[in-house]
Amino acid sequence: MLNVENIRKDFPILSRKVNGKPLVYFDNAATSQTPQQVINAIVNYYSNYNANIHRGVHTLSQEATDLYEESRKKIQAHFNAKFSHEIIFTSGTTHSINLVANGFSSSLKKGDNIIVSALEHHSNIVPWQMLCERTGATLNVIPMNNEGELVMTAYDKLLSKNTKLVFCNHISNALGTINPIETIIEKAHAVGAAVLIDGAQACPHLKPDVQALNVDFYVTSAHKMCGPTGVGMLYGKEAWLKKLPPYQGGGEMIAEVTFEKTTYADLPHKFEAGTPNIAGGIVFGTAIDYMNSIGFEAIANYENDLLQYATKKLLDIEGLKIYGTSKQKTSVLSFNLEGIHPYDVGSILDKLGIAVRTGHHCAQPIMDFYKIPGTVRASFAFYNTKAEIDILAEGIKKAKMMLS
Ligand SMILES: *Cc1c(COP(=O)(O)O)cnc(C)c1O
């Protein structure tokens, strides 16, 4: 069981007021809040260890390097990667995806195809479109149904020996659907295609095992799982990471440089050009420790309870429609009030201290599917409460009264 009152004390921001009202933070799918433990770790780094890594012989540099590499090992253990050099630090999910997309530039050709899902975040659509433009490969889309689930029979038809890559998110940020990635990976491998899973929305809710999934690439951002912004990771199977060319050139990623030829450093440094977000990388490990100290099973149970409670409560409001009704979903509620623009609802909720997201949630194709301009999205984390959901429900009723 999860002691939410104690947990809330870890998050200083949760006791602030917005527009004179206690903050109700329901925009967790955009970024999670930061516990004191993580804030302390950032302060500790800059107060005691700040130095550039992997270069200096001096003590500070060695200590900072050790902390950075320890964090990499923590991330490796958390995701159950076989080797720590399969974990590449990046600036986040978007960077990780671009790194992989860029790596396939020279191996794809006309006639090849790439499959993405209809539920993707723009960061998992645009880099592949750019890759197709560069290589002449074609982009195919696994369609979705009304519940917000992928149509797997259509996926079967898209797969062929020309399929080189498949990209899908683990959990949809706009609707909360948990996608059947085990099946997606297995079927892609059966035709010889590689798979990248975007885990940005999954990692706050569950603990993926990259070896059990047998996934080729798995990417995420620290800021969605209680860590800081500007840092994330790319997991890649060793064989793939050895095969892919480096993404950026610079310091840190080379073995030897002359004007005739440069040889690249071993993994993981080959993909880590330049001075990284050192504090961020170290503290990513602290965030993972924090979440594990609460426990992912407890988090999942508690959040599911919140989701059921909120779904029932919101559906009691006349004229409210929820988008994304899969049985397999996490604590995201995307909804609209009949005849009212989501932006107007969001603005009134903000006046009441309630932070929700409005708009297309970087997933415009999903909004096109439902023929709507966007939704209001309330996304819950393990530090939210049923009392806050009651405040949301009252706020929505108030917005409805004011706007209709
Ligand atoms: C947030 C999110 C991203 C983008 O993450 P960044 O940290 O902005 O790079 C990509 N995919 C999904 C599913 C997300 O939720």
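A polar contact is taken here as a pair of N or O atoms within 3.5 Å. In this predicted model, that criterion is met between the ligand and Gln201, a polar side-chain atom of which lies 2.5 Å from an oxygen atom of the ligand. Two further residues take part in such contacts with ligand oxygen: a polar side-chain atom of Ser221 is placed 2.7 Å from an oxygen atom of the ligand, and for His223 the corresponding separation between a polar side-chain atom and a ligand oxygen atom is 2.8 Å. Taken alone, the ligand would expose 390 Å², of which the protein buries 86%.

The ligand sits in the largest pocket. Its surroundings consist of Thr93, Thr94, His121, Ser123, Asn173, Asp198, Ala200, Gln201, Ser221, His223 and Lys224, so that the three contacting residues described above, Gln201, Ser221 and His223, belong to a shell defined by heavy atoms within 4 Å of the ligand. Classified by residue type, this shell comprises 8 polar residues, 2 charged residues and 1 nonpolar residue. Under the classification used, Asp198 and Lys224 count as charged and Ala200 as nonpolar.

With regard to the chain as a whole, an unreviewed UniProt entry lists residues 24-392 under "domain: Aminotransferase class V". Over residues 24-392 the chain is 39% helix and 18% strand, and the C-alpha atoms at the two ends of this range are 8 Å apart.

Two features of backbone geometry were also identified, each of them located in a loop. The peptide bond joining Leu267 and Pro268 is cis, with omega at about 0°, and Pro268 is found in the loop that runs between strand β12 (262-264) and helix α10 (278-294). Asn214, although not a glycine, has a positive phi of about 55°; Asn214 lies in the loop between helix α8 (210-213) and strand β9 (217-221). Strand β9 spans residues 217-221, a range that includes Ser221, whose side chain provides one of the polar contacts to ligand oxygen.

Definitions and conventions:
Residues numbered from 1 in each chain as written. Predicted model: local features only at pLDDT ≥ 70, side-chain atom pairs only at ≥ 80, totals over all residues. Heavy atoms only, no water. Polar contact = N/O pair within 3.5 Å; in protein donor to acceptor, adjacent residues only side chain to side chain. Areas by Shrake-Rupley, 256 points an atom, 1.4 Å probe, with all protein chains shown as cover. 1 Å grid on protein atoms, 1.4 Å probe; cavity = no way out; pocket = protein on both sides within 12 Å on 5 of 7 lines; lining within 4 Å. Sits in = over half its atoms within 2 Å of the grid points. UniProt positions renumbered as here; feature names shortened; annotations may be inferred. Helix = DSSP H or I, 4+ residues; strand = E, 2+ residues; numbered from the N terminus.
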